[in-house]
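Got your viewer open? Follow along, selecting one piece after another as we go.

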Amino acid sequence: MSSEEVARLASLARIQLTDEELTRFAGEFDAILTAVASVSEVASDDVPATSHPIAMTNVFRADEVTRTLTQEEALAGAPEAADGRFVVPQILGEE
Amino acid sequence: MSAQPVSANKVREYLDVQPLDFDDAVKTYDPVLGIEVHVELGTATKMFDGAPNVFAAEPNTAITEVSLGLPGTLPVVNEKAVEYAIRIGLALNCEIAESCRFARKQYFYPDLTKNFQTSQYDEPIAFDGWVDVELEDGEIVRVEIERAHMEEDAGKNTHIGGSTGRIQGATHSQVDYNRAGVPLVEIVTRPIPNVGERAPEVAAAYVRTLRDIFRALDVSEARMERGNVRADINVSLRADADAPLGTRTETKNVNSFRAIDRAVRFEICRQAGVLDAGMDVVQETRHFHDETGETSPGRVKTDAEDYRYFPEPDLVPVAPSRDWVEQLRSTLPELPAARRRRLIGEWGFSDFEMRDVINAGALDLIQETVDAGAKPQAARKWWMGELARYAKDKGVELDELGVSSAQVAELIGLIDEKKINDKIGRQVLGVIVEADGDGSPAQIVEDKGLAVVSDDSVLTDAVDAAIADNPDVVEKIKGGKVQAIGALMGPVMKATRGQADAGRVRQIIMEKLGVAG
């Protein structure tokens with residue numbers, strides 16, 4: 001994995017990294033990817049892809065209203081709020 | 001696929017290109033459509049938590065910790081939303097997945113608390129379907145459905161400081177998360193080819209067809225103006241039907257049938273102009289502006305669509321049993337196309353009359369009026385005549401006029417019983433429309449003394465006066481010109497302010513003059 005690829009991932013994840021970190025993470029990610037890739041050595045086509053450690057399906061809830069937050073509770077952790085809404089910085093370059 | 005970066009020069013050239021005339025554009029190029037429709041499901045609660053799914057509540061009150069994506073919270077799937085998604089899939093003739101997963105679609109935007117949207121990626125709940133779309137002249141276009149998947153809606157940004165509430169010039173934004181987590185189903189078509197000059201009409205009719213299906217299934221209120229149904233429209237042009245697909249643009253959130261028609265029309269003309277000028281269409285997201293009928297490019301994102309989807313580890317797969325699917329299939333309601341065919345037979349409407357009724361949005365109203373006891377043709381006459389005129393004058397849809405089917409059925413009943421005539425019927429409707437739908441026709445007739453006058457003494461007096469005032473007409477009638485009777489009925493109707501029972505008046509005149517009809 002190149003440091004350019006790490007830089008691109010970092011920008012997608014909105015994480016700022018120094019050049020030194022980019023180089024270091026490139027090496028570390030490489031090691032992780034290699035380790036993960038070893039799974040494919042034993043996983044043949046008849047092994048289904050797994051996204052959850054426990055083989056279970058259809059965990060549902062009934063369509064019933066539960067307790068909600070009040071506006072005060074919702075906004076309690078907001079750095080800034082106005083008119084009952086969260087205030088966020090200017091959103092650039094989008095319509 | 002990421003969009004190609006566009007140089008400033010290229011953009012400038014692009015802006016100078018004149019759009020082609022629509023007729024020329026569709027003569028020269030073959031347009032192909034692709035449509036993504038999002039529908040908000042009408043469940044009581046959200047997709048992954050028990051916050052109420054409501055419209056226009058106080059900001060940030062219809063939320064739980066899960067809606068806000070607070071640390072440590074876990075989503076749980078709303079079973080009703082899965083049921084609705086399956087019903088939509090079945091109504092669109094889709095296969096229903098034996099097992100499917102949710103996935104995280106990752107991007108940063110303030111309306112998304114978690115920095116990802118919980119959606120479905122490579123395993124949609126429904127896929128490989130089709131729907132027949134009927135155009136205004138009765139032509140049917142079959143649209144193939146690639147997939148229908150479940151996901152959650154985002155919150156709502158309000159931009160502050162810009163002149164028109166737009167993002168340009170805004171100093172900051174405010175976010176309300178009431179809508180965050182509302183269940184959505186996104187329906188994606190395969191490319192829709194061979195539509196030619198009818199592309200704008202097909203696009204609008206397709207979204208209308210889906211809207212009608214959602215309503216018939218009762219899975220959504222499906223109100224376009226509230227954003228319950230939102231359409232993204234892809235348009236591309238190619239040299240002819242055998243050529244490979246051209247580069248497409250995606251016009252986002254086109255939210256009325258008229259806007260869809262106009263946006264497609266505009267994109268066809270614009271792209272044809274670009275191609276005619278020897279340039280390439282840029283693959284990009286565009287926005288439609290209702291005021292001008294034009295589209296404009298959104299930001300060109302170099303890393304657009306790099307959403308790094310991966311399976312949602314907090315949710316287990318949804319594996320609808322075949323029994324459940326078959327049970328839902330067997331309880332699907334009659335769908336709009338089948339219902340139209342049935343009602344044409346039952347009501348004796350012509351295809352032409354039925355299309356008019358549908359285009360006017362009067363089908364349900366007429367159905368309810370008929371259910372309330374009126375004859376179908378009478379119900380059609382009032383809804384498509386007098387009431388359609390009122391709706392047009394007020395610039396509203398028929399069902400927004402405030403007049404109920406029960407009132408119209410009652411009115412028709414009064415006419416059938418000869419208590420009032422058509423003319424008074426129109427007066428009564430006028431009173432109800434004025435009162436924004438308040439009032440019972442029978443009560444209005446009584447209160448305003450509008451009932452047909454069939455009291456012989458009143459009528460006889462009026463007839464005597466008419467005979468005395470028109471001796472020349474009387475001569476004609478006595479001489480055998482019975483049709484001249486109309487000239488005597490006019491003054492009688494006038495004297496009784498149009499409330500006379502016309503048949504009875506005619507009878508009295510004939511008796512008085514000793515002529516036979």
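Start with helix H3 (79-91) of chain B. In this predicted model, H3(B) lies across strands E3, E6, E7 (140-152) and E10 (183-189) of chain B. Turn the view until H3(B) and E7(B) are both in sight: the helix runs at about 165 degrees to E7(B).

Next, add helix H4 (residues 199-217) of chain B, which also packs on the sheet. The strands it touches are E1 (30-40), E6, E7, E10 and E11 (229-238) of chain B. Compare its direction with that of E1(B), and you will find an angle of about 25 degrees.

**The sheet under the helices**

Now show the strands themselves. Nine of them form an open sheet in chain B, and you can walk across it in the order E3-E6-E7-E10-E1-E11-E12-E13-E14. The pairing is mixed. As general background, strands of a sheet pair through backbone hydrogen bonds, either parallel or antiparallel.

Where does the sheet have its edge strands? Select E3 (95-96) and E14 (294-297) of chain B, each of which pairs on one side only. For E3(B), the partner to add is E6 (residues 126-134) of chain B: two bridges join them, and they run antiparallel. Zoom in on Ile96(B) and you will see Ala126(B) of E6(B) standing opposite.

**Strand E1 of chain B**

Move along to E1(B). Is this strand mostly covered or open? Mostly covered, with eight of its 11 residues buried. Try its two neighbours in turn:

- Select E11(B), which pairs with E1(B) in the antiparallel sense over 10 bridges. Here Val39(B) stands opposite Val229(B).
- Select E10(B), which pairs with E1(B) in the antiparallel sense over five bridges. Here Glu36(B) stands opposite Val188(B).

**Across to chain A**

Finally, bring chain A into view. How many residues of each chain are in contact? There are 46 from chain B and 34 from chain A. On the chain B side, strand E2 (77-78), strand E9 (172-176) and H3(B), where the tour began, each supply at least two residues. E9(B) gives the largest share, five residues. Colour that side by residue class and you get 21 nonpolar, 15 polar and 10 charged residues.

One last stop: select strand E1 (residues 60-61) of chain A together with E2(B). Two bridges join these strands, which run parallel. Look for Phe60(A), which stands opposite Val77(B) in E2(B).

Technical notes:
Residues numbered from 1 in each chain as written. Chains lettered and ligands numbered in written order. Predicted model: local features only at pLDDT ≥ 70, side-chain atom pairs only at ≥ 80, totals over all residues. Contact = placed C-beta atoms within 7 Å. Helix = DSSP H or I, 4+ residues; strand = E, 2+ residues; numbered from the N terminus. Nonpolar A, V, L, I, M, F, W, Y, C, P; charged D, E, K, R; others polar. Pairing = 2+ DSSP bridges. Axes fitted to C-alpha atoms, helices over the stretch in contact; angles between N-to-C directions. Buried ≥ 20, exposed ≤ 12 C-beta atoms within 10 Å, placed from the backbone.
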